[in-house]
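Hi,

Here is the structure I promised to pass on to you. Please open it alongside this message and have a look around before reading my notes.

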Amino acid sequence: MEYNPRDIEKKWKKYWQENQTYKVSNDSDKPKYYVLDMFPYPSGAGLHVGHPLGYIASDIFARYKRLKGFNVLHPMGYDAFGLPAEQYAIQTGVHPAKSTDDNIGRYRDQLDNLGFSFDWSREVRTCDPKYYKWTQWIFTELFHHYYDQSANKAIPISNLVSTFEKEGNVTTKAATTQEETFSAADWKAFSKAEKEDTLMRYRLAYREIGYVNWCEALGTVLANDQVKDGVSERGGYPVVQKAMPQWNLRTTAYAERLLDGLETIDWSSSLKTIQRNWIGRSEGAQLFFDVDGLAEKIEIYTTRPDTIFGATYMVLAPEHPLVEQLTTEGQADAMDKYLSYVKSRSELDRMADKQVTGEFTGAYAINPFTNTKIPIWVAEYVLIGYGTGAIMAVPSDDDRDKVFAEKFGLEIIDVVDKTDYPGATLSDKVGKMINSDFINGMEVPDAITEVCKRVEAMGIGTAKVNYKLRDAGFSRQRYWGEPFPIVYAEDGTAEMLPLEELPLELPETDDFKPGQGGQSPLSRLSDWVNSKDGYTRETDTMPAVAGSSWYFLRYMDPHNDDAFASQDAVNYWQDVDLYVGGSEHAVAHLMYSRFWHKFLYDKGLVPTQEPFKKLINQGMIQGVIEFIYLLKDIQDGVNHFICAELAKKRGITNFARIPVYIGYVSNYGAANSHLTQEGIKQFIEWRPEFKNAKFECPNGIFQNGTFTPNGDAMDSQLITQSEVGKMSKRYFNVVNPDDVVEEYGADCFRLFEMFLGPIQQSKPWDTQSIGGVSRFLKRFWSLFYNQDGKYLVNDEAPSKDELKALHQTIKKVAENIERFSFNTCVSEFMICVNKMIEYKCNKRAILENLVILVAPFAPHMTEELWHQLGHETSVHDASYPDYKEEYLKEDSVKYPISVNGKKRALVDFPADFTKEQLEKEALANETIIKWTEGKTVRKVIVVPNRMINIVVG
RNA sequence: GCCCUGGUGGUGGAAUUGGUAGACACGCAGGACUUAAAAUCCUGUGGCCUUUGGGCCGUGCGGGUUCAAGUCCCGCCCGGGGCACCA
């Protein structure tokens with residue numbers, strides 16, 4: 001029998017499907033293990049070879065765990081709501097549901113082609129009403145809860161209402177934007193709308209006026225990344241901030257727990273760091289400065305209260321509400337001028353060139369500790385969105401304040417002596433306090449504590465923790481997303497739909513363009529919007545992160561219509577043991593998921609605080625982009641392409657780089673990648689506008705269908721410029737895994753992707769070495785069948801060497817899988833198969849085990865071989881072999897013997913030699929004597945089973 | 001600027017706790033089989049020197065610790081990613 005991957009793979013895929021080999025039960029005595037992939041957004045481009053990298057790794061791991069006796073949950077689904085489908089609908093009129101469904105079909109075929117062990121009976125799609133019913137429900141639950149900082153968890157809002165009825169809001173410690181206090185009597189006197197407004201400031205899902213990027217010309221609201229330099233990325237139309245009521249999630253309530261939780265999970269340090277930076281916790285003090293001659297106080301936030309004696313001026317953000325009031329008559333003109341200058345600067349300008357700018361208000365504040373008058377300035381380096389939008393400036397201990405003070409000639413008082421800390425920078429919190437009254441001589445950390453105490457005693461402020469993390473904007477003015485399960489009463493108060501009325505289904509429409517004034521397309525559907533007597537519906541929809549924030553829980557019990565998942569299912573599967581996905585989701589998806597999960601934990605609906613115990617980021621597989629050079633000067637109306645090599649030689653730089661479909665390029669990715677005549681013809685057929693163009697190569701010119709060589713060149717060689725970059729439709733460099741599978745088989749594809757290198761590393765796609773992996777599979781097969789198709793497997797007893805090679809492989813492969821080093825697993829297989837070929841070993845006792853070891857990597861081929869070995873059940877239901885130490889024992893050990901750290905000899909010694917014997921024999925070795933002769937042996941280091949080092953002097 | 005990563009042959013990469021640097025594969029060179037090619041198999045393959053015994057150098061650069069450093073410490077350089085007036 002010959003190794004024919006096409007037939008074998010087809011055969012076993014069918015078998016697995018018919019036998020439901022990968023169906024997983026929630027009812028099992030085995031320990032559970034949950035392996036999850038980040039589910040894909042089904043884009044129109046389909047899967048490229050980069051997508052499966054992580055899926056293959058997780059599939060190998062899932063299959064390995066299964067062989068090790070675990071009940072493994074390994075599901076897959078689709079993140080199916082999203083903007084691309086909606087944009088496609090606007091362009092083509094194809095309903096997003098239809099295009100999404102088509103794309104999913106295509107994805108499914110591609111995934112099936114690779115032999116994954118997904119339990120497809122558990123598939124979820126975020127756009128399925130049966131699924132988003134529960135996305136909507138969790139949202140309503142967020143609405144019905146507030147975050148109680150005393151209990152440190154989410155509590156039903158009804159509890160808060162009873163507290164307000166009894167005590168007002170003075171006793172409650174909650175995550176809220178409510179600043180004014182009120183008594184029980186006040187509360188009772190509030191109107192319904194006032195009460196609702198107040199509660200809104202406590203809810204975990206709340207509505208508030210927010211700002212969106214409104215583009216009048218496009219008639220739509222744009223996402224932040226669609227706005228560049230104050231204009232729309234597409235078309236370059238002006239974009240303004242437009243106020244709109246928006247739903248938000250109070251993510252900030254969980255900031256501390258989101259930060260602390262990172263300590264408990266096994267994620268890469270870089271990922272944790274990104275999340276930590278994003279949360280951006282800082283400890284400091286919030287305090288008030290009096291204004292000279294005015295009743296107003298300025299509230300500031302500082303992480304360095306210890307430096308308050310060096311606070312010689314204050315700065316307000318240009319948008320600060322007190323700016324106008326504080327500006328004196330004499331400064332009014334100057335201030336107006338400054339504020340309009342600031343307005344003229346876009347976000348990008350401000351980031352790009354950090355000029356030191358500012359203007360004096362004319363007013364003075366009183367430093368509460370020195371009681372001196374200090375000037376109040378306005379400057380754009382202070383941001384309204386962080387802290388309180390105002391700072392006390394300490395030019396001696398803050399770089400920005402220092403630069404500012406130097407430019408405007410403001411006083412600088414040194415307050416921290418850092419002479420004991422050479423190398424410490426200005427921002428390091430170290431040093432001894434000077435010029436600082438009662439804290440003089442204290443170390444910085446002690447001084448911070450001391451000043452905080454004093455601030456609180458004086459009643460001018462409190463110690464406070466601040467976060468960079470912002471609440472999550474949750475409204476999108478789009479069609480293709482989850483509708484909010486909300487109706488508004490005539491007085492504008494929001495009411496959540498009860499569970500019985502969920503899901504609130506997305507209404508049908510065929511017009512996906514934005515509605516009036518940037519509203520969602522849903523706003524046009526007045527029958528739907530005006531739901532029942534005077535109530536109107538929310539027309540915005542949820543963002544794509546909504547559905548992906550909890551999908552991993554739905555897989556546990558995907559068809560449950562009474563709960564997002566049953567408590568039995570959730571308690572059995574608990575959490576995700578291994579999560580594999582790209583690091584581009586480092587912030588949004590992973591932060592929201594953790595937040596939702598913690599909320600569900602507070603409600604007692606999930607048993608763990610963190611959803612993803614271990615997370616692996618797979619690297620990106622990049623593509624090679626092939627460019628040809630088109631000269632920008634058109635002569636005689638003819639486009640002129642020039643070989644990249646010629647351009648370089650002649651120093652030509654005035655060209656446009658035109659990406660070419662990589663299928664036309666010969667030696668794709670190599671230094672001499674080029675277009676032959678055939679390639680140029682294909683290119684012209686693809687881009688007919690270049691039909692008459694001239695293609696100039698060093699060896700001739702191609703034009704109008706013919707190649708005119710200089711000299712005797714047979715074919716054109718238009719060198720293309722190769723560049724590593726994203727694999728993307730727009731660079732025409734997407735490689736479809738189906739094509740690779742067609743040529744080499746899925747098993748080979750899987751093995752090859754793993755063999756490329758460590759899973760976390762990014763690398764360009766290069767099939768040059770796929771032949772090595774393909775050869776390995778054929779060699780493996782050749783242990784079972786010879787070239788004439790004769791079955792070779794026998795029942796002879798394995799030799800010592802064979803057993804040793806096998807058990808070494810068992811040990812190494814298992815260890816390598818456990819540490820996600822899949823590339824080295826493939827190497828180990830190769831080493832083992834090479835040895836077995838050398839030993840001419842066709843013994844069942846060896847091969848049977850080897851088949852199981854390879855099964856997670858090459859599931860189809862091993863299934864065939866397993867059945868050829870006479871088994872009736874699937875190899876994927878076998879048990880992983882245990883390695884036995886006894887087979888690995890060596891009679892002798894090869895010792896490198898070094899003299900002064902340099903290896904001089906390699907000698908076999910019996911494995912049971914003692915240290916003394918080893919030392920004696922090493923010193924007696926002929927080669928070693930040559931190096932030690934005439935010198936004194938000072939020391940001999942013997943590490944049993946490792947090496948011997950002789951120190952001479 | 002700050003934080004996180006990584007830097008090893010012609011190439012992808014290996015070396016798990018400091019203990020034989022370059023496993024495994026690609027590529028290349030030579031050979032076998034063949035009329036020939038493909039496929040397959042075998043041998044060699046870090047650089048330099050060499051009297052063919054071997055020697056010297058070598059993991060981005062410069063120092064250090066150690067009997068021993070790709071691995072640990074200090075100071076740089078370069079690539080990738082994140083954050084970026086965060087008080």
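Below is what turned up, starting with the RNA and ending with the protein interior.

Please keep in mind that this is a predicted model.

**Around the RNA**

There are 49 residues around RNA strand B, and those that come nearest are Ser270, Thr303, Tyr386, Arg400 and Leu756. Sorted by class, this surface holds 19 nonpolar, 15 polar and 15 charged residues. Helix H27 (822–839) is among the elements that supply at least two residues each, as are helix H10 (269–279), helix H25 (770–781) and strand S36 (902–910). H27 gives the most, with six residues.

On the RNA side, 63% of the strand B atoms within 4 Å of the protein belong to sugar or phosphate, and the rest to bases. Some individual contacts may interest you:

- The side chain of arginine 775 has an N or O atom 2.7 Å from a phosphate oxygen of strand B.
- For asparagine 834, a side-chain N or O atom is 3.0 Å from a phosphate oxygen of strand B.
- Serine 827 places a polar side-chain atom 3.4 Å from a base nitrogen of strand B.

**Inside the protein**

The largest nonpolar core has 180 residues, of which Phe139, Trp247, Tyr551, Phe564, Phe780 and Phe784 touch the most other members. Helix H2 (residues 52–67) gives the most to this core, nine residues. Leaving aside neighbours within four places in sequence, Phe139 is in contact with Trp247, Phe474 and Met542, among others. A second, separate core of 49 residues includes Ala311, Ala365, Val415 and Ile448.

Happy exploring, and best wishes!

Notes. Residues are numbered from 1 along each chain as its sequence is written. Chains are lettered from A and ligands numbered from 1 in the order in which they are written. This is a predicted model: local features need pLDDT of at least 70, side-chain atom pairs count only at pLDDT 80 or more; totals for chains, interfaces and linings use all residues. Side-chain values use heavy atoms; hydrogens and water are left out. A nonpolar core is a set of buried Ala, Val, Leu, Ile, Met, Phe, Trp, Tyr and Cys residues joined through side-chain atoms within 4.5 Å. Buried means under 20% relative accessible area, exposed over 50%, partly exposed in between (1.4 Å probe, protein chains only). Helices (H or I, at least four residues) and strands (E, at least two) are DSSP runs, numbered from the N terminus. Contact means heavy atoms within 4.5 Å. A residue is near a molecule or strand if one of its heavy atoms lies within 4 Å of it. A polar contact is a pair of N or O atoms within 3.5 Å; within protein, one must be able to donate a hydrogen and the other to accept it, and residues adjacent in sequence count only if both atoms are side-chain atoms. Ala, Val, Leu, Ile, Met, Phe, Trp, Tyr, Cys and Pro count as nonpolar, Asp, Glu, Lys and Arg as charged, and the others, Gly among them, as polar.
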